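Subject: Structure handover

Hello,

Here is the structure I promised to pass on. My notes follow below it.

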Amino acid sequence: MAPPTAELSHLPKADGSANFAFGGYTITAAVNGPVEAQRRDENPFEALVDVNVRPAAGVGGTAERQLEAILQPALRHLIPVRNFPRCVIQVTLQVMEAPENAYVNAKVLQPRLNLGIIPALLHAAILGLLTATIPLKTVASATCLAITNADGSTVKVDPTPAEIDQARSVHVLGFTANRDLLLAESEGSFSAEEWDTVLQTAEKVCCRSQEAENDAEMGGYGAESENVQQFMRSVLEAKAAEGLHWR
Amino acid sequence: MAPEVGLSRSTFAKLSPHPYLLANLEPSDDSIPPARSNGRAPFEVRKPTVNLSSLSHAHGSALVRTGDTTVICGIRGETILTDHIPNFRASNTQTELADYDLLVPNIELATGSAPQFLPGGPPTTLAQTLSTKIYSLLHSSKLLRAEDLRIWHKRPAEAPISGYEDEEEVGNEKQEGEEYVVAYWVLYIDLFFISFDGNPFDAAWAATVAALRDTKLPQARYDPDREMIICSKKDPRPLTVESMPIACTAVIFTGKETKEQAADGKFWILADPDTLEESLCDETVTIVIDCAGGSRRILSISKHGGTVMTAKLLGSKEFLDWASKRWEGFASAMTGGR
């Protein structure tokens, strides 16, 4: 699978913006904030985090509302919301491209939750927040896993939409940089043992940056999935170096 | 709990609900057992009651009550001819339910069920999120079988008019006497919250499962002359619902009003939260479990909004055992509900 690509601060009017592409998904994030909240939604103690997900075609439906409901608490946990009372931090996530699945009838309005898109949305949102220079307590990354075979021994990292369709269970797990489980969302049928395997694999995929070099057993994942936390760091370092070039 | 303090109990609860809940969970007097503001122990759930077939015009219905959360689910079957399905393929026998949208859940949070639901306006985010969750879980849990929703028809034996080459070919292709799917049942699953006091998903999902288990579809046959489905009220056929997935929700109370985690890392898992507890906690975890037939299967886990509930705790035996216990409570309420 192609390594992730990102473009930062490419929208001139937004406070922060990022384009993130991985696994067939391309997401553009635009972040505005902290700006004054409307009287109606202002909270005198903390900032409101407003997440909008817009699909590639058509207007958002109930599935997009649920994606927002999954992302919003995760982002709210990362942002020190108590430092910005009466403010709103608006994160708009526009799906630019989604991988096509030739095996299913494409419907414009998908009422079902699409788990595969969550990691890309989360990464785009975090890159957007970072370019908008909104303080974050920590960063997080997520990964999608699928158990494909009957005995539950093979865990596929970053499955394609066709594999997700065929899989017995699909999981999305997000970890912060401190290796804490931030979000989990899974569907399908699985046992407690399979759940343990999934948790361990996801933690390795998300958090292996520190010991990646000297960990031999990680070789198997390296080919399939890039470490996103490390990737985000290198993109931002490059951007910062470019910004300081005139000195 | 000192009665001589100036504030009365209810005033304290209204003014600062967060310290109030904390004071209840961490009583200063050791002789008082820790309890939540609603009097329950941290892991104690509200006992569910299920009432089946209470709606006379629906094909199946269930009323589920847990504490002050009451939801009624009515299931109504409608028929759709396969000719009217735009993307119909006769060879598709695997993904009919999703491709033809044969399950249509809808949730209404009634005005007056809770003070925050105002009349008029579009469906709230909560209602939309709930209906997507129910929809996704209905499909991912494979609760229903497509076989139950198919309506078959036997092509009548009619002699093809001889002399026309192409007509004969058509006759060969569609063999006479062959059975084929002429129509499908579409199940409209309507959930209506009569009263709302926290934990809407558990109650809504339990009502959906109970109502589907209660659903009996009428006998249906195709009338080729009128090109429509005719139903008869005689011996209706129940749906095959073998599994019984149950959702178990808990919130995590950290005892600190600020977002930062308490230094001592102390936290409480509050099972089956009510509205007050939901508003005070950021982190929620929902597990959908099915223990039918002895083996324990997890059908969905979702966890949002914090990092207190670690991966280790989420896979721990205590947590799964608690979920199994809750499953037993719901399962006995559903099967013995009549």
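In what sense do strand 1 and strand 2 of chain A pair, and over how many bridges? They pair in the antiparallel sense, over four bridges. Please keep in mind that this is a predicted model.

**Start of chain A**

One bridge partner pair here is A:Ala6, in strand 1, with A:Phe20 in strand 2 of chain A. Side chains alternate along strand 1 (residues 5–8). A:Ala6 and A:Leu8 point to one face and are buried. A:Thr5 and A:Glu7 point to the other face and are not buried. This fits a general pattern: in a regular strand, side chains alternate between the two faces of the sheet.

A:Leu127 ties in here. Leaving aside residues up to four places away in sequence, A:Leu127 touches A:Ala6, A:Leu8 and A:Phe20, and also A:Ala18, A:Ala29 and A:Met232.

**The core**

A:Leu127 is also among the residues with the most contacts inside the largest nonpolar core. That core has 151 residues. The others in that group are A:Ala29, A:Leu121, A:Ala124, A:Ala125, B:Ala204 and B:Ala207. Both domains of chain B give residues to the core, so it lies between them.

**Domains of chain B**

Domain 1 covers 17–45 + 245–335, and domain 2 covers 48–158 + 176–238. Their centres, taken over C-alpha atoms, are 31 Å apart. The contact draws 19 residues from domain 1 and 20 from domain 2. On the domain 1 side, five elements of chain B each supply at least two residues: strand 9 (246–253), helix 7 (275–280), strand 11 (283–290), strand 12 (297–304) and helix 9 (317–335). By class, that side has ten nonpolar, five polar and four charged residues.

**Where the chains meet**

In the contact between chains, 32 residues of chain B meet 33 residues of chain A. Helix 4 (125–140), strand 12 and helix 8 (311–314) of chain B each supply at least two residues of the chain B side. Helix 4 gives the most, with ten residues. By class, the chain B side has seven nonpolar, 18 polar and seven charged residues.

**The sheet across both chains**

Strand 9 (residues 181–190) of chain A pairs with strand 12 of chain B. The sense is antiparallel, over five bridges. A:Ser186 has B:Ile301 as its bridge partner. A:Glu185 stands opposite B:Ser302.

Which strands make up the open sheet, and in what order? There are eight, running 7(A)-6(A)-8(A)-9(A)-12(B)-11(B)-9(B)-10(B), with antiparallel pairing. Strand 7 (155–157) of chain A and strand 10 (268–271) of chain B stand at the edges. Each has a single partner strand, so one side of each is left without a neighbour in the sheet. The twist averages 20° from one strand to the next.

Two helices deserve a look here. Helix 1 (residues 62–78) of chain A lies across strand 6 (140–147), strand 8 (169–176) and strand 9 of chain A, together with strand 12 of chain B. Helix 1 of chain A runs at about 155° to strand 9 of chain A. Helix 4 of chain B packs on the sheet too, touching strand 9 of chain A and strands 11 and 12 of chain B. The direction of helix 4 makes about 40° with that of strand 9 of chain A.

Best wishes

Methods. Residues are numbered from 1 along each chain as its sequence is written. Chains are lettered from A and ligands numbered from 1 in the order in which they are written. This is a predicted model: local features need pLDDT of at least 70, side-chain atom pairs count only at pLDDT 80 or more; totals for chains, interfaces and linings use all residues. Domain bounds come from an automatic or database domain assignment. Two residues are in contact if their C-beta atoms, placed from the backbone, lie within 7 Å. Ala, Val, Leu, Ile, Met, Phe, Trp, Tyr, Cys and Pro count as nonpolar, Asp, Glu, Lys and Arg as charged, and the others, Gly among them, as polar. A nonpolar core is a set of buried Ala, Val, Leu, Ile, Met, Phe, Trp, Tyr and Cys residues joined through C-beta atoms within 7 Å. A residue is buried if 20 or more other C-beta atoms lie within 10 Å of its own, exposed if 12 or fewer, and partly exposed in between; C-beta atoms are placed from the backbone. Two strands pair if DSSP finds at least two bridges between them. Axes are lines fitted to C-alpha atoms, for helices over the stretch in contact, and angles run from 0 to 180 degrees between N-to-C directions.
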